[in-house]
Amino acid sequence: MKLLDNVTTHLSRTFTGTYRLTGRVVEFDNAKTPFLKLRLSDCMGDHIAMLNLSKTTVPERIGHLDFVTASGVKCLSGQFILDEFRKASRNEVTSMVTLQSLPRVYSPVPEVFDKLVTTVQSLQSECLRAFLTRVLERKDRLEAFLNAPASVNYHHAYPGGLLEHSLNVANNAVAMLRLNEPAMARLMQETCFVAGLLHDIGKTYTYDSKGKPNAACSHDAFTLEACAYGLAYLDKHAPDLAIMLRHVWTCASPGARYGQKAAITLARYIRDADGQSTMANNQIRAFRSKNHWGFSRIGQNVFWRPEIPALQPQPR
């Protein structure tokens, strides 16, 4: 690494911000000066920054995915040189935009990740945005939500599959709601989106941060536990929304062992959107290496595509 002591003579601009700490390693420049190389991440991407250890003391007890505030200068070379690096204050953390702290670098499907962030930040309900912050931005859950597959051997069975499936269900459930009940209030539509997005959140307890299975329990048993912190917030600020979400996630569906009969259409939209997302992805997988028509099978599920000739362009 080149000398960094005199790099301040080649500055382009200063910067400051609050990020998640997602990586760090000690390096030495040509003069044997120790520098701490840091990766600072948020929903937009990463900054790689250098901290001169001979001039700045690193605060203790800053760990992986902790919130940090950093400031310094960006050199013409593109490197960030820090003159401040510390744990972020509570006010700095709470002032961040919803899902801003999710590290984009951890998502195997960045285009889906970007859609998630954009959609959530567009929600008009402050209560629902605060709820999602308390569920999805938890340090012990976020990596699993971004990395886990939706299943081990069937639909969306790849890193990031849980995120993609969850967003599909959320968007498709809202589309069905708007089609069937166009006069439904905006808040109900947004609640439908949130319920669909988190319908499988219990899987963050059944996969580790790398998306590997780590529990024998059904993910359904963990849904309310995964949302407990957020639901406690809604109980104080929007109790009807809290009860509605609990009902949607626990009401009976075909094959369910528990739950009351669905008493709200949102529950059916989410159930149907879940089934359609699952079947569509399985059908794509069933015919991935076979003919485009006929029968194919994944496990016990049989899929059929009729042979229909492609439409030919009509002569003008």
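Buried here means under 20% relative accessible area and exposed means over 50%, with partly exposed in between. With that cut-off, Y205 comes out as partly exposed, because its relative accessible area is 22%. The legends below all refer to a predicted model.

**View 1. The whole chain, before we zoom in.** The protein chain runs to 316 residues, and 44% of them count as buried. Its secondary structure amounts to ten helices and seven strands. Take the contacts between residues at least 6 apart in sequence: 58% of these join residues at least 24 apart. Looking for disulfides? A search of the whole structure turns up zero. Two cysteines worth picking out are C227, buried at 0% relative accessibility, and C251, also classed as buried, at 10%.

**View 2. The largest nonpolar core and its best-connected members.** This core has 59 residues, and F131, L197 and L198 are the ones that touch the most other members. Helices giving two or more residues to the core are α2 (110-121), α3, α4 (142-147), α5 (161-180), α6, α8, α9 and α10 (265-286). The largest share is from α5, with eight residues. As background, nonpolar side chains in soluble globular proteins tend to be buried together.

**View 3. Close in on L198.** Leaving aside residues up to four places away in sequence, L198 touches F131, L132, V135, L136, T223, C227 and W249. One of these partners, F131, is also among the core members with the most contacts to other members. Another, C227, has 0% relative accessibility and so counts as buried.

**View 4. A separate, second core.** Apart from the largest core lies another, made up of 14 residues. Y19, I62, A70 and F85 are among them, so these are handy residues to display.

**View 5. Helix α8 and its buried side.** Four residues of α8 (228-237) are buried: G230, L231, Y233 and L234. They sit on the same side of the helix, because they cover an arc of only 155 degrees around the axis. What do the buried residues of α8 pack against? The partners are α3 (126-136), α7 (223-226) and α9 (239-250). Show the R134 side chain here too: R134 lies over the face of Y233, at 4.2 Å from the ring centre.

**View 6. Y205 and F222, with an arginine on hand.** Three aromatic pairs turn up in the structure. In one of them, Y205 and F222 are stacked, with 5.0 Å centre to centre and 10 degrees between the planes. Both residues are in the loop between α6 (186-197) and α7, 17 residues apart, and the pair links distant parts of the chain. Which of the two rings is buried and which is partly exposed? F222 counts as buried, at 16% relative accessibility, whereas Y205 is partly exposed at 22%. Y205 also has R141 over its face, at 3.9 Å from the ring centre.

**View 7. F295 and W304, a stacked pair out in the open.** F295 and W304 form an aromatic pair that is stacked, at 6.2 Å centre to centre and 25 degrees between the planes. The cut-off for exposed is over 50%, so F295 qualifies at 62% relative accessibility. W304 counts as exposed as well, at 52%.

Notes
Residues numbered from 1 in each chain as written. Predicted model: local features only at pLDDT ≥ 70, side-chain atom pairs only at ≥ 80, totals over all residues. Heavy atoms only, no water. Buried < 20%, exposed > 50% of the residue type's maximum accessible area, 1.4 Å probe, protein only. Arc of directions from axis to C-beta. Contact = heavy atoms within 4.5 Å. Phe/Tyr/Trp six-rings, centres within 6.5 Å; stacked < 30°, edge-to-face > 60°. Lys NZ or Arg CZ within 6 Å of the ring centre and 35° of its normal. Core = buried A, V, L, I, M, F, W, Y, C linked by side-chain atoms within 4.5 Å. Disulfide = S-S within 2.5 Å.
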